[in-house]
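The following report describes side-chain interactions, packing and solvent exposure in one protein chain. It is best read with the coordinates open alongside.

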Amino acid sequence: MSTNLAERVAQRATTRTPAVQPAHRPASLVQFVETMRPQIERALPAHMGGADRIARIALTELRRVEHLAECTQESFAGALMTCSALGLEPGGVSGEAYLLPFWNKKVRAYEVQLVIGYQGMIKLFWQHPLAAGLDAHVVHEGDEFEYEYGLEPKLRHRPGRGSRGQAAHYYAVARLTNGGSAFVVLSVEDVEAIRKRSKARDFGPWQSDYDAMACKTAIRRLFKLLPKSAELARAVAHDETVRRDASPEGLDVPGEYIEGEIVEQQAAQGGEQATVEDVPEQFTGWPEAAEPAAA
């Protein structure tokens with residue numbers, strides 16, 4: 001009798017093990033998006049169109065990006081709330097922000113790293129009252145290009161015709177309503193040195209949108225010379241970091257840069273992760289974001 005009881009207890013414990021696994025399992029995190037809707041609604045700027053759109057994009061990213069659905073709820077909530085408060089869409093289609101999973105060796109768990117995209121940086125720049133213009137371009141080997149720093153800085157770029165060759169430089173230039181201007185030029189070698197210091201150097205936008213990330217790198221360097229809106233300053237502070245505090249106060253604390261390992265996606269590009277299920281009923285049938293077709 002006692003032997004049978006022990007066996008039944010052991011069998012029950014084994015049966016229940018999957019139910020008490022960490023909250024990282026895909027279905028749990030998908031449902032977590034639904035519970036976040038009230039906080040997202042309060043954080044979103046008025047022009048963003050409500051929490052439903054952000055929730056839909058987040059669900060699409062959970063399906064599209066391998067291992068994202070296995071990240072901790074704290075880091076996922078922090079990244080999503082940062083995007084919401086800054087008015088940035090957290091998906092690869094817009095290029096405003098990216099949610100990337102990486103393996104934190106210290107806590108032995110996947111966490112979400114927020115990467116602010118090229119378009120996101122430009123969008124936030126325009127919120128400053130002194131903003132008059134911002135451009136970033138790729139300079140190819142066949143272009144006419146010259147620049148000079150100093151007391152009388154000069155920048156001239158005339159794109160070549162036909163085959164322009166490989167990228168040689170990236171630059172960003174800004175104009176202010178008070179008549180001021182500034183620019184930053186980076187060589188390919190400069191960009192590569194910066195890329196190699198990033199945890200996401202071989203993953204995410206650095207892999208799929210290299211030129212855009214290189215232009216963003218030039219823009220970030222340029223922002224050191226320019227006045228920044230509060231939103232832009234926060235974006236720079238949280239770029240490529242992990243935020244675990246999803247409260248409103250957490251936005252004013254710089255994100256934490258964690259040494260970890262970005263996990264390379266194994267699924268085919270554009271494919272969905274079959275492990276993500278139990279989508280809330282109100283999102284059933286909604287169109288999903290998709291990566292733009294390759295040029």
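Which residues do ring pairs link into a cluster? In this predicted model, the cluster consists of F145, Y147, Y149, Y171 and F183, which are linked by ring pairs.

**Aromatic pairs and nonpolar cores**

The count of aromatic pairs comes to eight. One of them is formed by F125 and W126, whose arrangement is edge-to-face, with 5.9 Å from centre to centre and 75 degrees between the planes. The two partners can be placed by their exposure: F125 is buried at a relative accessible area of 2%, whereas W126, at 43%, is partly exposed. Within the cluster, the ring centres of F145 and Y147 lie 5.6 Å apart with their planes at 40 degrees, so this pair is tilted. Y147 has a relative accessible area of 36% and is therefore partly exposed.

Nonpolar packing brings F145 and Y171 up again. The largest nonpolar core has 66 residues, and L62 and F76 are those with the most contacts inside it. A second core, separate from that one, has six residues, including F145, Y171, V173 and V185.

H169, in strand β6, can be described alongside this second core. Apart from its neighbours within four places in sequence, H169 is in contact with H137, V138, V139, F145, V185, L186, S187 and V188, and F145 and V185 are among the residues of the six-residue core. The C-alpha atoms of H169 and V191 are 8.8 Å apart in space, the two residues being 22 apart in sequence. H169 counts as partly exposed because its relative accessibility is 22%, the cut-off for buried being under 20%.

**Salt bridges**

The model has 16 salt bridges by count, and three of these pairs are set out below.

| Pair | Closest N to O distance |
|---|---|
| R64 and E61 | 2.9 Å |
| D135 and R175 | 3.3 Å |
| D252 and R234 | 2.9 Å |

The salt bridge between R64 and E61 is local in sequence, because the two residues are three apart in helix α4 (residues 51-64) and are thus separated by about one helical turn. Both partners are buried: R64 has a relative accessibility of 17%, and E61 has one of 3%.

The salt bridge between D135 and R175 ties together parts that are 40 residues apart in sequence, because D135 lies in strand β3 (residues 131-140) and R175 in strand β6 (residues 167-176). Here D135 is partly exposed at 30% relative accessibility, and R175 is likewise partly exposed at 38%.

Where do the partners of the D252 and R234 pair lie? D252 is in the loop between α10 (230-238) and β8 (261-262), while R234 is in helix α10, so that distant parts of the chain, 18 residues apart, are linked. D252 is exposed at 52% relative accessibility, and R234 is partly exposed at 28%. Beyond these separate pairs, E144, E146, K154 and R156 belong to one network, joined by salt bridges that share partners.

**Helix α4**

Is helix α4 mostly covered or mostly open? Eleven of the 14 residues of α4 are buried, and the helix is thus mostly covered. Among the buried residues are A51, I54, A55, I57, A58, L59, T60 and L62, and L62 is also one of the two residues with the most contacts inside the largest nonpolar core. The length of α4 can be checked against expectation: at 1.5 Å a residue its 14 residues should span 20 Å, and the distance between its end C-alpha atoms, 20 Å, agrees with this.

**The surroundings of E96**

E96 is placed in the loop between α5 (73-86) and β1 (97-104), and with a relative accessibility of 13% E96 counts as buried. What does the side chain of E96 reach at 2.9 Å? At that distance lies the backbone nitrogen of E89, and a further polar contact, of 3.5 Å, joins the side chain of E96 to that of K123. When neighbours within four places in sequence are left aside, E96 is in contact with G87, L88, E89, G91, I116, G117, Q119, G120 and K123, a list that contains both E89 and K123.

Notes:
Residues are numbered from 1 along each chain as its sequence is written. This is a predicted model: local features need pLDDT of at least 70, side-chain atom pairs count only at pLDDT 80 or more; totals for chains, interfaces and linings use all residues. Side-chain values use heavy atoms; hydrogens and water are left out. A salt bridge is a side-chain nitrogen of Lys or Arg within 4 Å of a carboxyl oxygen of Asp or Glu. Helices (H or I, at least four residues) and strands (E, at least two) are DSSP runs, numbered from the N terminus. Buried means under 20% relative accessible area, exposed over 50%, partly exposed in between (1.4 Å probe, protein chains only). The expected span of a helix is 1.5 Å times one less than its number of residues. Rings of Phe, Tyr and Trp (its six-membered ring) pair if their centres lie within 6.5 Å; planes under 30 degrees apart count as stacked, over 60 as edge-to-face and the rest as tilted. A polar contact is a pair of N or O atoms within 3.5 Å; within protein, one must be able to donate a hydrogen and the other to accept it, and residues adjacent in sequence count only if both atoms are side-chain atoms. Contact means heavy atoms within 4.5 Å. A nonpolar core is a set of buried Ala, Val, Leu, Ile, Met, Phe, Trp, Tyr and Cys residues joined through side-chain atoms within 4.5 Å.
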